[in-house]
Amino acid sequence: MDIEKVNSMDFGEFVDVFGNVIERCPLIAAAVWSQRPFSDLEDLKKHFFAFIDALPQSGQEGILRCHPDLAGSELRRGTLTAESQREQSGAGLTTLDADERLRLAELNAQYRARFDFPFVLAARFSDRAAVSRELARRLLCRSAQELRTALGEVKKIGSLRLADLLRADPAKL
Ligand SMILES: NC(=O)NC1=NC(=O)NC1=O
């Protein structure tokens, strides 16, 4: 899809296509639509990120809370979005053994208890060992820093999803 096609979309089509660039936050795409026309992928990405950056902390935490746990109950129940399913299976999280699943569940629960939002990491190019290692490491971070780190991961996930949609090369992001 090229940027001219994106700029020609009406509101409904734009939200249908870009509504899950930020996991389960179609409001962001709904807001970004009014910023069209976009000069290129970078410009489109910039508007998604500017919306996130302009939110009050409660809104930024709300975005994080819209993310399903990595290797969590939604993965087991099969209720993940298609994008999340692809990303989580890409990181090998669909084939964890019982011990690995239990360890991630415990770390996720500790993380959520500490920060009051779920651990978010761009899983696409990660793997089960890295997820576990990052989760254990970030669990020890201070809240303000961790909020920034987590939002950075939301943006990485969003960049990769936008690249898929516009068929850019994720390696050149
Ligand atoms: N909690 C999460 O990090 N979730 C996710 N990471 C991804 O890359 N996709 C997700 O759904």
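This passage describes helix α7 and the largest cavity in a predicted model.

Residues are numbered from 1 along each chain as its sequence is written, and side-chain values rest on heavy atoms, with hydrogens and water left out. Because the model is predicted, local features need a pLDDT of at least 70 and side-chain atom pairs count only at pLDDT 80 or more, whereas totals for chains, interfaces and linings use all residues. The mean pLDDT of the protein chain (the predictor's confidence in each residue, from 0 to 100) is 95, and 97% of the residues reach 70 or more.

Helix α7, which spans residues 82–90 (helices being DSSP runs of H or I of at least four residues, numbered from the N terminus), holds the buried residues Ser84, Glu87 and Gln88, where buried means under 20% relative accessible area with a 1.4 Å probe and protein chains only. Seen down the axis of α7, these buried residues fall within an arc of 95° (taken from the directions from the helix axis to the C-beta atoms), so they line one face of the helix. The buried residues of α7 pack against α6 (73–77) and α10 (143–166), contact meaning heavy atoms within 4.5 Å.

The largest cavity, a set of points on a 1 Å grid over the protein atoms alone where a 1.4 Å probe fits but cannot get out, is lined by 13 residues, of which His67, Leu70, Ser84, Leu121 and Ile157 lie nearest its centre; lining residues have an atom within 4 Å of a point. The elements that give two or more residues to this lining are α7 and α10, and α7 gives the most, with three residues.

Key:
Buried < 20%, exposed > 50% of the residue type's maximum accessible area, 1.4 Å probe, protein only. 1 Å grid on protein atoms, 1.4 Å probe; cavity = no way out; pocket = protein on both sides within 12 Å on 5 of 7 lines; lining within 4 Å.
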